[in-house]
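Good morning, and thank you for coming. I would ask you to look at the sequence and the structure together while I go through them.

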Amino acid sequence: MYYAEQLTIYVTEGDRQGGKLLYQALIEEARQLGLAGTTVMRTAIGYGPQSPQIAVDWTMALAPQMIMILTVIDQPAAIAQYILKLQALIKKGLVTKELARVVHHAPVEKNENRKNFAPVPEQSAMDNLNDSNNADHATDYEKLTIYVGEADQWQGKPVHLA
């Protein structure tokens, strides 16, 4: 079993940085740093500080306010480098960092410049993640992730709208 850190980055689809879409700039920065990979998901519906009304992707005026979620998992040292870049790129948005337990890692091809996930004892990994002297430590929050099916209903409405 190996431990890594996972960053989850939330930005809006229309945010721009240096003439390109912010989420694309974030992907490019991760690639240039040699991070293991980045996954991007586009939400279908949501709201937040920039869009207090419920934004849906099928409303053209609100589509640029949809949230793009980027997930990056890599070794703590690589994540620390990326966080420095994120702080310069992201003016609005949210970034969370959590410990990820890697239970299986099977890279497609061997990259000579890339180190495999190194075994890290669980307590050491947690101490590193929760270090209050960490420069990127702000305030502790709790994260709740809810997965529902598109067809799920509650009181006659799609549950994701409820």
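**Helix α1 and its surroundings**

In helix α1, the buried residues are Leu22, Tyr23, Ala25, Leu26, Glu29 and Ala30. Viewed down the axis of α1, these buried residues fall within an arc of 160 degrees, so they line one face of the helix. What does the face of α1 turned away from its buried side carry? It carries the exposed residues Arg31 and Gln32.

I should say at once that this is a predicted model. For α1 the prediction is confident: among the elements of the protein chain, this helix, residues 22-33, has the highest mean pLDDT, 95.

As for its dimensions, α1 has 12 residues and spans 17 Å from its first C-alpha to its last, which is close to the 16 Å expected at 1.5 Å a residue. After the helix comes Gly34, with a positive phi near 80 degrees.

Which elements do the buried residues of α1 pack against? They pack against the strands β1 (2-12), β2 (16-17), β3 (20-21), β4 (38-42) and β7 (67-74), and also against the helix α2 (76-89).

**The chain as a whole**

Let me now step back to the whole chain. The protein chain contains three helices and 10 strands. Read from the N terminus, its elements follow the order β-β-β-α-β-β-β-β-α-β-α-β-β. Of the 162 residues in the chain, 28% are buried. If we take the contacts between residues at least 6 apart in sequence, 72% of them join residues at least 24 apart.

**The sheet**

We come next to the sheet. It is an open sheet of four strands, in the order β4-β7-β1-β8, and the pairing is antiparallel. Strands β4 and β8 (94-102) stand at the edges with a single partner strand each, so one side of each has no neighbour in the sheet. On average, neighbouring strands of this sheet are turned by 20 degrees against each other, direction ignored. Helix α2 packs on the sheet, where it touches β1, β7 and β8, and its direction makes about 20 degrees with that of β1.

As general background, strands of a sheet pair through backbone hydrogen bonds, either parallel or antiparallel.

Let us follow the pairs across the sheet. Strands β4 and β7 run antiparallel and are joined by five bridges. Within this pair, Val40 has Leu70 of β7 as its bridge partner, and Thr38 stands opposite Val72 in β7.

How many bridges join β1 to β7? There are eight, and the two strands run antiparallel. Here Leu7 stands opposite Val72 in β7, while Thr12 has Ile67 of β7 as its bridge partner. Val72 therefore deserves a second look, with Thr38 opposite it and Leu7 opposite it as well, as the order β4-β7-β1 lets us expect.On the other side, β1 and β8 pair in the antiparallel sense over nine bridges, and Leu7 stands opposite Lys97 in β8.

Are these inner strands buried or exposed? Strand β1 is mostly covered, with nine of its 11 residues buried. In β7, six of the eight residues are buried, so this strand is largely enclosed by the rest of the structure.

**Two loop residues**

I would like to point out two residues in loops. Gly18 lies in the loop between β2 and β3. This residue is exposed, with a relative accessible area of 75%. The C-alpha atom of Gly18 is separated by 8.9 Å from that of Leu89, although the two residues are 71 apart along the chain.

The second is Gln155, in the loop between β9 (153-154) and β10 (157-158). Most residues other than glycine have a negative phi. Gln155 is not a glycine, yet its phi is positive, about 50 degrees. Gln155 is also exposed, with a relative accessible area of 67%.

**How far to trust the model**

Finally, a word on confidence. The chain averages a pLDDT of 77, and 63% of the residues score at least 70. Which helix has the lowest mean pLDDT among the elements? It is α3, residues 122-129, with a mean of 55. Over residues 132-137 the pLDDT stays under 50, and for this stretch the model has eight contacts beyond four places in sequence. Where pLDDT is low, the predicted coordinates should not be read in detail.

Definitions and conventions: Residues are numbered from 1 along each chain as its sequence is written. This is a predicted model: local features need pLDDT of at least 70, side-chain atom pairs count only at pLDDT 80 or more; totals for chains, interfaces and linings use all residues. Side-chain values use heavy atoms; hydrogens and water are left out. pLDDT is the predictor's confidence in each residue, from 0 to 100. Contact means heavy atoms within 4.5 Å. The expected span of a helix is 1.5 Å times one less than its number of residues. Buried means under 20% relative accessible area, exposed over 50%, partly exposed in between (1.4 Å probe, protein chains only). The arc is that of the directions from the helix axis to the C-beta atoms. Two strands pair if DSSP finds at least two bridges between them. Axes are lines fitted to C-alpha atoms, for helices over the stretch in contact, and angles run from 0 to 180 degrees between N-to-C directions.
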